[in-house]
Structure formats: C-alpha cells, structure tokens
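Let's take a walk through a protein model together, one group of side chains at a time. Keep the picture open as you read, and look up each residue when it is named.

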Amino acid sequence: PLTLQVKNKAPAEVQITAEQLLREAKERELELLPPPPQQKITDVEELNDYKLRKRKTFEDNIRKNRTVISNWIKYAQWEESLKEIQRARSIYERALDVDYRNVTLWLKYAEMEMKNRQVNHARNIWDRAITTLPRVNQFWYKYTYMEEMLGNVAGSRQVFERWMEWQPEEQAWHSYINFELRYKEVDRARTIYERYILFTSLLVIVHPDVKNWIKYARFEEKHSYFAHARKVYERAVEFFGEEHMDEHLYVAFAKFEENQKEFERVRVIYKYALDRIPKQEAQNLFKNYTIFEKKFGDRRGIEDIIVSKRRFQYEEEVKANPHNYDAWFDYLRLVESDADAETVREVYERAIANVPPIQEKRHWKRYIYLWINYALYEELEAKASKRTRQVYQACVELIPHKKFTFAKIWLLYAQFEIRQKNLPLARRALGTSIGKCPKNKLFKGYIELELQLREFDRCRKLYEKFLEFAPENCTSWIKFAELETILGDIDRARAIYELAIGQPRLDMPEVLWKSYIDFEIEQEEYEKTRSLYRRLLQRTQHVKVWISFAQFELSAGREESLSRCRQIYEEANKAMRNCEEKEERVMLLESWRNFEEEFGTDTTKERIDKLMPEKIKKRRKLQAEDGSDAGWEEYYDYIFPEDTANQPNLKLLAMAKLWKKQQQESEAAEMDPDKDIDESQS
C-alpha cells in the first residue's frame, strides 16, 4: 500500500485546541431551531387522527421504558385535558401496576379526581394509598384536609384515628389536636394529649421528650385549666425522675407557677432542680432563678442563689477530682458561712474520706489541714468537745507514723485537751507522739507546755530524752543550759555545756561555743572564759575567734587588759602567717589597727602601719571544665611586709618597679624642656 508522506512538518499558523472545539459545539446547541408549523384542526376526522397519533406516541414511549413514571403521568394528564377521565383513570391504574410505591403517582391520581369533583373516587384512591403506604404522612394530610374541606368532620376525625393507630411522628398528633381545637372540642383534644403521653398507645414511648409534656401543660394553661396544667407538670417530673432530669421542664414549671403568683412553689421547684441537675446542664435554670429572685425575692434570696451556684460549681470540681483539696477548702468555707452544722459535717466527712493514695508526706500536707479545720470547726463553731476529740483521735490513727508524722496535729490535740482542762490526756497524747514518732518540734512543744506549767523536773527529763534523740542539736543543749541557769543551778548548766562541746558531731558548733563563752562572761569567770577561748583556738584558727578573744580581753576592765589584748593580736598575727586566706589576715590587721588608733601610742600605730599589706592587681589563667583554655582573669592579691622580707624575689620586683618609675620621669623631662627651665627659674 502507498504511504503518504508529509513534506512540511512545521506547525500550522492557526492552531485549533480541543477547548475551542468544545466551546463552538456548545454555542451551536444554543442556536434557535425554527418552531414547528401550527396545525389547525377543522373537522372531527382530523381531531381523531391527531388523537391517534398522540396516543401512539405516548404508547411507544411507555413501551420503550415502562419504569419512567413521568411518561405515564404526561399521558394521563393529556387525556385529562381532553376530558377523557375514564382513559386517564385507566392509564393511572396501569401505572400503579408498574410501580405502586411511587408517591407522586398516587398524588396526581387523587388530585385529578378531586379536580373533576369525583369525591368518592378520590376517597377510594386515598384509602388505597394509606393502606398500601401507611408511613407516607403526605397521604394522611391530604386525605384529612379533603374531608375537612368537604365539611365531613366526622370522616376527617375517623381518618385521624386510623392514622394515630400507626403511632406517627409528633407533628401528626399536633395536627389532630389542632383539628379538634378548630372545632372547639377541648375535651377531645385533652384526650388526644393523654393518649399522646400516657402509657397505653403513648407517643412518649416512641418520643420521650420533655417538650411534649410542656406543650400539653401549656394547652391546659391556655384554656384556663390551671389545676390540670399543674398536674401535668407534676406527672412529668415523676415520669422523668432524677435519672433523666431536664432543665427546660423545671423552667417551664416554675414560670407557670410564677404566672399563678405561687412564689414559694417557684422557689421550691428551682431549688429542687438545682440540687439534682449537674451544673453544666443547668445554666438556663440558674439564669431564670436569678431573674425570678431579682423580681420577687429579697436580698437573702439572691444570696442563696449565688451560694447555690457556687456550691454546684464546687460539687462539679470535687466530682471531677476528689483529691483536689483546694476545691474542698473553698467548698467548706462556703458551706460553713451559710449552712447548718449537719451539712457542714457531711461535707467534712466526704472531704476527709479522700485519703491520698500514696504514703508520702508531700501528698498529705494539704490533706491534713482538712482534719485540722474539721477539729477547729467542731471546737469553735459547733462547741462539740466530744466530737473534736474524736476527730483528733481518728486523725492520729489514720496517719502512717512509721513513715512520717505531723507534729502540728499532736500539738493541736494536746492544746485542745489543755483548753478542756484535761492535762493527763494532753500529756498522754504528747508522750504517745514522742514514743511513736519523735521529732524536734514535738519535743519543743512538750517542753514549752511543761515550762508554762512550771514542771521543771519534767522539763529536765524531756531535755534528756530530746538530747538522746538528737545529740547534734546545739539549740537543745543551749536551751537546756539556759533553763538550768534560770533555775540557779550553775554547775549543772556548766556540765551541760561541757557535755555539748564534747559531742563528736554538732549542727552549729560556733553558736554553742559562743553561748558557753557568754555564759562564763555573765558569771564573771574570766579565767574559765580564757580557757574556753584557748580550747576553741585549738580546734579552729578562725579570724573571728581571735578578734572575739581580743575584744573580750579589752572588755575585761583590768589594768593589764590593753597589754593582754595586744598580746592576743600578736599571737593571732603569728598564727595566721601561714593562712591561705589572706583576706582573713587583712581583717585581723584592720581590727588591730582600729584598736591601736583608739588605745595605742605613736610607736604602736607606726608599727601596725608597717604590718599592713600592699594591694596589687594580678592575672591568672582560667581553665574550663573540659580542661580547655578559658582565658585570663584579673584579681587582687595582698603582699605583706613580713612576707616580703623573707622572699628576695619580691624585693627584686619592688626595685624593678622603682627603676621603671624613674625612667618614666626622665623621659617626661626630655619631652618638655620648657618645664625644666621654668622649674629652674622658679
């Protein structure tokens, strides 16, 4: 076969795209076709011929696709337009044989009969429609409307009754009720409402909605049957119970009672609902209750609303998280301010029932204050001492004392028993606490109690137990010695101090030594004080000890006090020559210089001035944690004259600095000869 070869393969100058082709095709569709010629029928034969052609066309369309209902409807409507009712009926019947579930077909069929005033035929079609498709509400609405338009009220009522047997949706019942109300049949309407909501043939079984009850009650109220309306509301409240409470029902009930001027009943309804409906579902209820109280209530009523609202808020918080103790505290404060004792106790019992799940003290710190507040409420507000004692006893039994305890609870319990003038029980409580779980705070509280009672022998025993428990506690040793001092037993106090400073481990030894020294100074035992200082200096060479020793010698008030003080400074200076902390040595020399300025001679002042160090700036290399070079830093160092004499390098450095200074002065003189001339002339 021959193959055609394209010589010029370059693109055409005018390109046609697929989009352009589609657009042109669409535009040509819109071009107007010429209308068909009009036919004028002049005699019967032409009319029959026209009818025959149209019927043949319709039949052909139906034969092509029997399921297209629109073809049947067009055929029937054409026959109807020719007043061929019998033929139209036949077409509709044939169509129903094809698809009897088509709603439009039934509606067009019935409407044709009604247009042509064929009432019985229309009834027959509606009966067949509601029998075949009883769940199509449109058939029922059309049927009842036709009967009502014909004035056949009884027939319309009968159709409604047949409809209600199928338990239709809510609107159908209301249509039936409105139908009866149009003819002033209030009793019949009430009966329908009863059937609508009661158990036998109830719509409520299918639609258990609050608004159905509300509509029934408003129907009774509208027709001035107020007792019946109230009864409907009460039955609704009983029907829904506490499991399915709805705020809309109670708001409607309250508004009904408000219209009847029954204000106390309104309050009862609102409070009943607010006590039982969760807060997040009762916003509208709170709003309406507040508006009611503002309109008809007093200040107390408005406060009650606010309190109840906050109470609901706290209830929701503690329900969401029972271990939220801050919410319990706020709730309890609210209840205590506006509730009776039994209600407060109930809330406290609910709060303390939420024991922390973990036995760690940090989880119990907030919880334990619930017990404390409970006990204080019973004692101070309720004036119930027996219940207060029970609260304290239950609390101390609940705390796991083997792991931790709360000294505050034990001390509050003991103080309560003291206020009740029951000293043995107070001592028993504190003794039990020390036996089960000894703590510094418990010992201090027990000792303070016995001191207030002037039971000094008991205090001594308690201090002994305390020091056996915590021998490193310097404060306890000091307090014990101070007690013996107050009682005038100086030897016992001194013995206590001796035992204290002999302990191998102390938490604040400097405080203990200072207290012991002050004690000896108060007793004017200066030799023992000097001995104490010497013993302390054997343990530590701290500069403050030397300064304190020197000041003590100065304050001794004797003739040789100045010489003793100066001697202490001399010893301290010799002892601290090898000290690495040069700042401490500088502190000592400054204290010595202050002493000499006040009490010394010119010779001693000159001598101490020679001992004062020189402050110089130095640089040193820094290293980071990983050992790398971190640069240089400047710091100040002190050079003491006594050390300079022993170090020739320092003397050489001083001579070098002096030579450099002279060189700078000579260079300055060469740069400014006029200055030298002026100086020579002057």
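Which residues are linked with Arg230 in a network of salt bridges? They are Glu234, Glu257 and Arg265. Before going on, keep in mind that this is a predicted model.

Let's stay with charged side chains for a while. Side chains of opposite charge can pair when their charged atoms come close. A search of the whole structure turns up 34 salt bridges, and a few of them make good stops on our tour.

Begin with Glu148 and Arg182, whose closest N and O atoms are 3.0 Å apart in a salt bridge. Glu148 belongs to helix α7 (residues 137-149) and Arg182 to helix α9, so this pair ties together parts that are 34 residues apart in sequence. The two partners also differ in their surroundings: Glu148 counts as buried because its relative accessibility is 13%, while Arg182, at 49%, counts as partly exposed.

Helix α9 takes part in another such link. Here Glu180 meets Arg157 in a salt bridge, with 2.8 Å from N to O. Since Arg157 sits in helix α8 (residues 153-164) and Glu180 in helix α9, the pair ties together parts that are 23 residues apart in sequence. Are these two residues buried or exposed? Both Arg157 and Glu180 are buried.

Now move along to helix α17 for a salt bridge within one helix. Asp330 and Arg333 form it, and their closest N and O atoms are 2.3 Å apart. The two residues are 3 residues apart in helix α17, so about one helical turn separates them. Asp330 counts as partly exposed, with 26% relative accessibility, whereas Arg333 counts as exposed, with 53%.

Next come the rings. The structure holds 22 aromatic pairs. In one of them, the ring centres of Tyr233 and Phe256 lie 5.6 Å apart and the planes meet at 40°, so the pair is tilted. Tyr233 is part of helix α12 (residues 226-240) and Phe256 is part of helix α13 (residues 247-259), so these rings tie together parts that are 23 residues apart in sequence. Tyr233 and Phe256 are both buried.

Compare that with Trp328 and Tyr331. Their ring centres are 6.3 Å apart and their planes are at 25°, so this pair is stacked. Both residues lie in helix α17 (residues 325-337), 3 residues apart, which is about one turn of the helix. Trp328 and Tyr331 are buried as well.

Rings can also be joined into a group. Ring pairs link Trp140, Tyr141, Phe160, Trp163, Tyr176, Phe179 and Tyr183 into a cluster. A charged side chain can meet a ring too: Lys361 lies over the face of Phe406, at 5.1 Å from the ring centre.

Our last stop is the backbone. Which two helices does the loop holding Lys184 lie between? They are α9 (170-182) and α10 (186-197). Lys184 has a phi near 60°, a positive value in a residue other than glycine. Lys184 is exposed, with a relative accessible area of 71%. Lys261 is not a glycine either, and its phi is positive, at about 65°. You will find Lys261 in the loop between α13 and α14 (263-274), where it is exposed, with a relative accessible area of 58%.

Notes. Residues are numbered from 1 along each chain as its sequence is written. This is a predicted model: local features need pLDDT of at least 70, side-chain atom pairs count only at pLDDT 80 or more; totals for chains, interfaces and linings use all residues. Side-chain values use heavy atoms; hydrogens and water are left out. Rings of Phe, Tyr and Trp (its six-membered ring) pair if their centres lie within 6.5 Å; planes under 30 degrees apart count as stacked, over 60 as edge-to-face and the rest as tilted. Helices (H or I, at least four residues) and strands (E, at least two) are DSSP runs, numbered from the N terminus. Buried means under 20% relative accessible area, exposed over 50%, partly exposed in between (1.4 Å probe, protein chains only). A charge sits over a ring if NZ of Lys or CZ of Arg is within 6 Å of the ring centre and within 35 degrees of the ring normal. A salt bridge is a side-chain nitrogen of Lys or Arg within 4 Å of a carboxyl oxygen of Asp or Glu.
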